[in-house]
Amino acid sequence: PAPRRASPAAGLIDRIKTARPTLHEMRDAGVVLSPGGPNTLVGRCPFHDDHSPSLWLYPDSGLWGCNRPDCRAAGVHDVIDFRAFWRRVSNRAAIRQLANEVL
């Protein structure tokens, strides 16, 4: 079989993730982060009433999530998901916004 080629959308998403780190997106949204361990930052999750840091971010990979299971940010996410959650838009709209801003 012929090797699979990456879709043009995958290339766009990779370029967005390189140009717009999740750390910058979170800081611009007002999330205060502090060291939480090796290569990890933590802060209060903006997606629920958080009184102690439950949001985590691996700045090197841009992956983040919330430790609270009933939070919509539970799981593992990227900068596009953060933009979509924060601005209450679809992932497609978040990709469009980020591409227009950073590429």
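**Close-up views of a predicted model**

**Figure 1. Overall layout of the protein chain.** From the N terminus on, the order of elements is α-α-β-β-β-β-α-α. The model is predicted. The protein chain holds 4 helices and 4 strands. Its C-alpha trace spans about 50 × 25 × 25 Å along the principal axes. Of its 103 residues, 40% count as buried. Take the contacts in the protein chain with a separation of 6 or more: residues 24 or more positions apart account for 31% of them.

**Figure 2. Asp50, a buried acid without a salt bridge.** Asp50 sits in the loop between strand E2 (40-43) and strand E3 (55-58). The nearest side chain of opposite charge belongs to Arg68, 6.1 Å away. A salt bridge needs a side-chain nitrogen of Lys or Arg within 4 Å of a carboxyl oxygen, so Arg68 does not provide one. Asp50 has polar partners in Ser52 and Ser54. The side chains of Asp50 and Ser54 make a polar contact of 2.7 Å. At Ser52 the partner is the backbone nitrogen, 3.4 Å from a polar atom of the Asp50 side chain. Setting aside neighbours within four places in sequence, Asp50 is in contact with Gly43, Arg44, Cys45 and Leu55.

**Figure 3. Thr22 in helix H2.** Thr22 belongs to helix H2 (residues 22-28). Its relative accessible area is 3%, so Thr22 counts as buried. The Thr22 side chain reaches the backbone nitrogen of Val79 at 3.4 Å. Beyond neighbours within four places in sequence, Thr22 is in contact with Leu57, Gly62, Trp64, Asp78 and Val79.

**Figure 4. The largest nonpolar core and a second, separate one.** The largest nonpolar core has 16 residues. Met26, Leu33, Phe47, Trp64 and Ala73 have the most contacts inside this core. Elements giving two or more residues to the core are H2, E3, strand E4 (63-66) and helix H3 (79-87). The second core is separate and has 8 residues. Among them are Ile16, Ala84, Ile95 and Ala99.

**Figure 5. Helix H4 and its buried residues.** Helix H4 covers residues 91-102, 12 residues in total. From its first C-alpha to its last, H4 reaches 16 Å. That is close to the 16 Å expected at 1.5 Å a residue. Buried positions in H4 are Ala93, Ala94, Ile95, Leu98 and Ala99. Ile95 and Ala99 also appear in the second core.

Conventions: Residues numbered from 1 in each chain as written. Predicted model: local features only at pLDDT ≥ 70, side-chain atom pairs only at ≥ 80, totals over all residues. Heavy atoms only, no water. Buried < 20%, exposed > 50% of the residue type's maximum accessible area, 1.4 Å probe, protein only. Lys, Arg positive; Asp, Glu negative; His and termini not counted. Polar contact = N/O pair within 3.5 Å; in protein donor to acceptor, adjacent residues only side chain to side chain. Contact = heavy atoms within 4.5 Å. Expected span 1.5 Å × (residues − 1). Core = buried A, V, L, I, M, F, W, Y, C linked by side-chain atoms within 4.5 Å.
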